[in-house]
Amino acid sequence: MRLILLGPPGSGKGTQAQRLVHRHGIVQLSTGEMLRAAVAAGTPVGLQAKEIMANGGLVPDEVVVGIIADRIEEPDAKKGFILDGFPRTVPQAEALDELLRKKHLKLDAVVELRVNESALLARVEKRAEETRARGEEVRLDDTPEVLTKRLAQYRSLTEPLIHYYSERRKLLTVDGMMTIEHVTREINRILTALGALEPKEHEEPKRAAKSASKASTTAKKTAKKATKNAAKSAKKAAKPARKATKAVSNARGTKKAAKKAGKKAASAANARKGVKAPKKAAKKLTKKRAKR
């Protein structure tokens, strides 16, 4: 991930840069620190910068770009970096684009922390009052007067970068007036959505476990519903069978009753017949005796 954080003084760029460094294992590249390191190391670009600074001059953009070119070649910058304090102007941004193009690298995003300047001034005034109330000396660069000058400088020199990167579809804006935690979450959310960040390794098992748990719950619910539906269907299908069985049973009962009734009727008929036969036989016998 290669990233630039933009925003006026007091917007929280330094805090968010450090959080990104610790979270994702990338490096924060500060032009001031890189210049001092190059001078101390005695690199060709560092020696050139040393001579210019010794004469009280401003280090030109090409020298700063040369220092950045050397720094991003170091092993710790291979995974990614955040540029702090550079670029500050459109020409510096153009020089950075050319450097990255030559190295076949791309800038993933430029995150602008948008803040309310009036709120920043009020915050600095309150901090200065609290410092004085504790009997401590207020830092010279932490007063409303100094901040006002720095904000004016930012608007004239650095704010044009917002339009520059917006045209190149690299600019992402975050509300810097939110809490530190909210700003961090929002930066990580948009960078992950862009594909500039990978989810942390220790978060993957949690996410996988959560997905597995959700899938298991869904499967259980589906199985339970299917079992319930199957039981309902079986019960519904069994109704005609029960009716048929009942009808057969009723039919058998009727047949049996009819058969039984038939037997009773036959027995009664036989009984009547049996009674009638002896009477006829007796009458015949009486006639025969009379003839004798």
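What is the volume of the largest cavity? The largest cavity has a volume of about 40 Å³. The model described here is predicted, and a search of the whole structure finds one cavity of 30 Å³ or more.

**Overall make-up**

The protein chain has 292 residues, of which 29% are buried. Its secondary structure comes to ten helices and five strands. Among contacts between residues at least 6 apart in sequence, 72% join residues that are at least 24 apart.

**The cavity and the pocket**

The lining of the largest cavity is made by Leu5, Lys13, Ala17, Gln28, Ile82, Leu83, Asp84 and Gly85. Two elements, α1 and β3, give two or more residues to this lining. Of these, β3 gives the most, with three residues.

The largest pocket holds about 890 Å³ of space. It is lined by 32 residues, and those closest to its centre are Pro8, Pro9, Lys13, Arg88 and Arg150. Elements that give two or more residues to the pocket lining are β1 (2-6), α1 (13-24), α2 (31-41), α6 (117-133) and α7 (144-158). The largest share, six residues, comes from α7. Lys13 thus appears in both settings: it is a lining residue of the largest cavity, and it is among the residues closest to the centre of the largest pocket.

The table gives the volume and the lining by class for each space.

| Space | Volume | Nonpolar | Polar | Charged |
|---|---|---|---|---|
| Largest pocket | about 890 Å³ | twelve residues | eleven residues | nine residues |
| Largest cavity | about 40 Å³ | four residues | two residues | two residues |

**Nonpolar cores**

In soluble globular proteins, nonpolar side chains tend to be buried together. In this model, the largest nonpolar core has 33 residues. Those with the most contacts inside this core are Ile4, Leu6, Ile67, Ile68, Leu96 and Tyr165. At least two core residues come from each of β1, β2 (27-30), α2, α3 (44-54), α4 (61-71), β3 (81-84), α5 (90-102) and α8 (160-167). The largest share of the core, six residues, is supplied by α4.

Which residues does Ile67 touch, not counting residues up to four places away in sequence? They are Met34, Leu35, Ala38, Val45 and Ala49.

A second core, separate from the largest one, has 16 residues. Ile26, Ile82, Ile187 and Leu191 are among them. Ile82 also belongs to the lining of the largest cavity.

**Strand β2 and its partner**

Strand β2 is covered on both faces. Val27 and Leu29 lie on one side, Gln28 and Ser30 lie on the other, and all of these residues are buried. The strands β2 and β3 run parallel and are joined by four bridges. Within this pairing, the bridge partner of Gln28 in β3 is Ile82. Both Gln28 and Ile82 are found in the lining of the largest cavity.

**Thr31**

Thr31 is placed in helix α2. Is Thr31 buried or exposed? Thr31 counts as buried because its relative accessible area is 14%, and buried means under 20%. Not counting residues up to four places away in sequence, Thr31 touches Val64, Asp84, Gly85 and Phe86. Two of these, Asp84 and Gly85, also line the largest cavity.

Methods: Residues are numbered from 1 along each chain as its sequence is written. This is a predicted model: local features need pLDDT of at least 70, side-chain atom pairs count only at pLDDT 80 or more; totals for chains, interfaces and linings use all residues. Side-chain values use heavy atoms; hydrogens and water are left out. On a 1 Å grid over the protein atoms alone, a cavity is a set of points where a 1.4 Å probe fits but cannot get out, and a pocket is an open set with protein on both sides within 12 Å along at least five of seven lines; lining residues have an atom within 4 Å of a point. Grid points are joined across faces, edges and corners, and a volume is the space filled by probe spheres set on the points. Ala, Val, Leu, Ile, Met, Phe, Trp, Tyr, Cys and Pro count as nonpolar, Asp, Glu, Lys and Arg as charged, and the others, Gly among them, as polar. A nonpolar core is a set of buried Ala, Val, Leu, Ile, Met, Phe, Trp, Tyr and Cys residues joined through side-chain atoms within 4.5 Å. Buried means under 20% relative accessible area, exposed over 50%, partly exposed in between (1.4 Å probe, protein chains only). Contact means heavy atoms within 4.5 Å. Two strands pair if DSSP finds at least two bridges between them.
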